[in-house]
Amino acid sequence: MIKVNDNFQQLPAVYLFTKISRRLAQYREEKDVIPLIRMDIGDIPGPVPESVAQAMHKAIDDLASTETFRGYGPEQGYAFLRDVIAKKDYQERGIDIDTTEIFISDGAKCDLGNLGDILSKECKIAVMDPSYPAYIDDNVIDGREGKFENGKYTGITYLKCTFNKDFCPDLPQSPVDIIYICSPNNPTGSVLPKAELEKWVNYARENHSLIIFDSAYEAYIRTPGLPKSIYEIEGAKEVAIEIRSFSKTGGFTGIRCGYSVVPKELKGVFSDGEKVLINSLWSRRQTTKFNGASYVSQRGAEALYTEKGRTEIKEMIDKFLMNASLLRKMFEKAGWKVTGGIDSPYVWAGNPYGMTSVDVFETILKECGISTTPGSGFGEEGEGYIRLSGFNTLDNTQKAISRIEEWLKRV
Ligand code: PLP
């Protein structure tokens, strides 16, 4: 028999979203049920922006001709995309990030998992509770979790995020090495203001910690003054890696492209005391284990930075934000505890009836034919909440709202 990675035994048997998909498949098989509207989904309804489709068609034509053919590309990504990211996402916003600090990926999820390759197994990690489940699962697979006791891993520090504190996490009681911060947060939709990020950057500088800043939803931030990048905070380049994705910001969930920023100021140390640039280490990892995102997807991503691309994305995101704000208003009116729906595609709603997240999920599914995501799947602090997303058509959102409003009158 083949010896396999024991750490998998420590994982929950099924990934949260797979569990929901299975339940929904079962619902669809049931007789006389209300036609399903999916409000749980973290995927965009499409289509991709026209500028992206055109750029990708052109890229396919490039591949079809000997003169313009591209084979293996640079593992770190093509210069045409790295340059435009450095310029438009950072330098033009007054942030000093250089092309060589940008690494193109096939999406944020892969980079989040792959980063574990360059970090010591000894690192103590901290995650916001509730948070995107991949942060914990990635570290469980790498063996940084300790024991599973009372629904939690002993080796992981859970940073409580509560409604009363606008879902901003408190600093940990004992030192941690790696801190995952997601802003706008999935699932709560809350955005950490500048003062909060400063608190974390200062903590990381004092404790020699690394912040993994997941800003997959930065393009949804519309409130002036809220930070879109951790590098808006002084000193952050010494302590933070920023992970970004074109999935929800450019309609790339199927195309697959994103990027990570690994600043040259970021230093690591081997157990023998030898120091190393994290940027070099990540580059070494990528050149060994990754052969780059596809040329076609990178040309598509480049198109997002054109004037037409920018306008198209803004229109797309405006629609999702509108849906989310309608959902938010409905729950607010009904007296639920609500965050998100502003500066975020997600609405996070805590029921006032003392029901568990799973009960609310099941009840709304049965009574309204609407799927949500149970908050408890994102961590203990998510109990009592459900997550809904604005990634839908306005028509579906309005239908969902009128069904839920009818149900709310009955509870
Ligand atoms: N990070 C967060 C917070 C997410 O919600 C998601 C996807 O839902 C990802 C990362 C993964 O994004 P990608 O599609 O780029 O892999």
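Before I start: I call a residue buried when its relative accessible area is under 20%, and exposed when that area is over 50%. I also keep in mind that this is a predicted model.

**Entry 1: helix H6**

I looked up H6 first. It runs over residues 194-207, so to speak a stretch of 14 residues. From the first C-alpha to the last I get 20 Å, close to the 20 Å expected at 1.5 Å a residue.

Next I asked myself which residues of H6 are buried. My list reads Glu196, Leu197, Trp200, Val201, Tyr203 and Ala204. Looking down the axis of H6, I find these buried residues within an arc of 160 degrees, so they line one face of the helix. That fits a rule I noted from class: an α-helix has 3.6 residues a turn, so residues three or four places apart point the same way.

What do the buried residues of H6 pack against? I found three strands there: E6 (156-160), E7 (178-182) and E8 (210-214). I then turned to the face of H6 that points away from the buried side, and there I noted the exposed residues Ala195 and Glu206.

Just past the helix, I checked His208, which follows H6. The phi of His208 is positive, near 55 degrees.

**Entry 2: around the ligand**

I moved on to the ligand, which has 15 residues around it. Which of them come nearest? I wrote down Asp214, Tyr217, Ser245, Ser247 and Arg256.

Then I went through some oxygen atoms of the ligand and their polar partners:

- An oxygen of the ligand sits 2.7 Å from a side-chain N or O atom of Arg256.
- For Lys248, I again have a side-chain N or O atom, 2.8 Å from a ligand oxygen.
- With Lys109 the partner is a polar backbone atom, and the distance to a ligand oxygen is 2.9 Å.

On its own the ligand has 400 Å² of accessible area, and the protein covers 91% of that.

I also checked which helices help build the shell around the ligand. H4 (108-114) and H7 (247-250) each supply at least two residues. H4 gives the most, with 3 residues.

**Entry 3: Thr373**

Last stop: Thr373, which I found in strand E16 (residues 373-374). Is Thr373 buried or exposed? Thr373 is buried, with a relative accessible area of 0%.

Leaving out neighbours within four places in sequence, I listed the contacts of Thr373: Leu16, Phe17, Ile20, Asp40, Phe378, Tyr385, Ile386 and Arg387. I took a second look at Asp40. It is 333 residues from Thr373 along the chain, yet their C-alpha atoms are separated by 5.0 Å. I also found a polar side-chain atom of Thr373 lying 3.3 Å from the backbone oxygen of Asp40.

Key: Residues are numbered from 1 along each chain as its sequence is written. This is a predicted model: local features need pLDDT of at least 70, side-chain atom pairs count only at pLDDT 80 or more; totals for chains, interfaces and linings use all residues. Side-chain values use heavy atoms; hydrogens and water are left out. Helices (H or I, at least four residues) and strands (E, at least two) are DSSP runs, numbered from the N terminus. The expected span of a helix is 1.5 Å times one less than its number of residues. Buried means under 20% relative accessible area, exposed over 50%, partly exposed in between (1.4 Å probe, protein chains only). The arc is that of the directions from the helix axis to the C-beta atoms. Contact means heavy atoms within 4.5 Å. A residue is near a molecule or strand if one of its heavy atoms lies within 4 Å of it. A polar contact is a pair of N or O atoms within 3.5 Å; within protein, one must be able to donate a hydrogen and the other to accept it, and residues adjacent in sequence count only if both atoms are side-chain atoms. Accessible areas come from the Shrake-Rupley method with a 1.4 Å probe; for residues, only the protein chains shown count as cover.
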